[in-house]
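Got your viewer open and a selection box ready? Load the model below and follow along stop by stop.

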Amino acid sequence: MWIHSVFAALLLTTPVMAQPVSDQAVRDFVDSHSAVTHLGKIARWEDPVCPNVAGLPASFTKFITKRIRDLAASVGAPVNPDESCRSNIDIVFTTKAQDLLNSIREKQPIMLGYFDNATQADEMAKVTHVIQSWHATQTVDLRGNKVIDSRNPTRPGGRELNTVSSTGLRTGDGVHSSYYRGIVVADPGKLVEYEIGTLADHIAMLALAQPAPGDACPDLPSILDTTNPACRKDAPVKALTPADMGYLRGLYQADPGATLRAQKDGIAFHIKDALAGH
């Protein structure tokens, strides 16, 4: 039974990276882990992270929730200290994942992320992985005003949209993207072989960062390879890798108002630093 098979992962060994690593391998890793928002930038959490796990026994719920909070704090993401806070990241374990997404598509399509038309929304609502995430993003202007990214943009809370303020400069317009809400859906019936520590790391990575669409297997190992059968068949990843940690640290230390290229270059620097053991 899956619940009994996942107790064994409280102590995991982080994979050791071979050196040196090429710049191209690092760039490919950044590209594969970085979904680009409607604004053309990489988003991150600026509102304090407040995860909620549903569909598991209390002990597993507590373990995964703590892992997300601890990882967020360790990489510089804001964390809501109140454990009874209103969640902005929902982690749902269900054997009816597609039914859940169909309901979200019908009732809360904004949770899927930005889409231009109904066909795109239908495609985004398809469940294609045993663990999968969606992030709704918002645009934050020069004055800190926030607008949820959608075809009919509104401010959080439904307030009327006003003009977005910016510097007008191409090199740094003062406008950036952040996460508004996130959801991670996992099918426990298809995760029997995985340990709870591995699952918690995988979910935490998806909660704090949104990978680019696709199933690429970059040269550098990642916790996101875990449930991709095309990746790491001979050496499965069981925990967050140095590249994963470097990515998250880079994401949460990057200048959110920088250009996409500058954001990616900053993240790449932190990955190289992590791989060097700094």
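**Stop one: the pocket**

The largest pocket holds about 1100 Å³ of space. Select Ser133, Gln210, Pro211, Ala212 and Pro213, the closest to its centre among 39 lining residues. A pocket here is an open set of points on a 1 Å grid over the protein atoms alone, with protein on both sides within 12 Å along at least five of seven lines, and lining residues have an atom within 4 Å of a point. Volume is the space filled by probe spheres set on the points, which are joined across faces, edges and corners.

This is a predicted model: local features need pLDDT of at least 70 and side-chain atom pairs 80 or more, while totals for chains, interfaces and linings use all residues. Residues are numbered from 1 along each chain as its sequence is written, and side-chain values use heavy atoms, without hydrogens and water.

**Stop two: the disulfides**

Now show Cys50 and Cys85 as sticks: their sulfur atoms sit 1.9 Å apart in a disulfide (a pair of cysteine sulfur atoms within 2.5 Å). The torsion about the S-S bond is about 105 degrees, so this disulfide is right-handed. Both Cys50 and Cys85 are buried (under 20% relative accessible area; exposed is over 50%, partly exposed in between, with a 1.4 Å probe and protein chains only).

Next, pick Cys217 and Cys231, also a disulfide with sulfur atoms 1.9 Å apart. At -85 degrees about the S-S bond, the Cys217 and Cys231 link is left-handed. Color by accessibility: Cys217 is partly exposed at 32%, whereas Cys231 is buried at 6%.

Note on methods. On a 1 Å grid over the protein atoms alone, a cavity is a set of points where a 1.4 Å probe fits but cannot get out, and a pocket is an open set with protein on both sides within 12 Å along at least five of seven lines; lining residues have an atom within 4 Å of a point.
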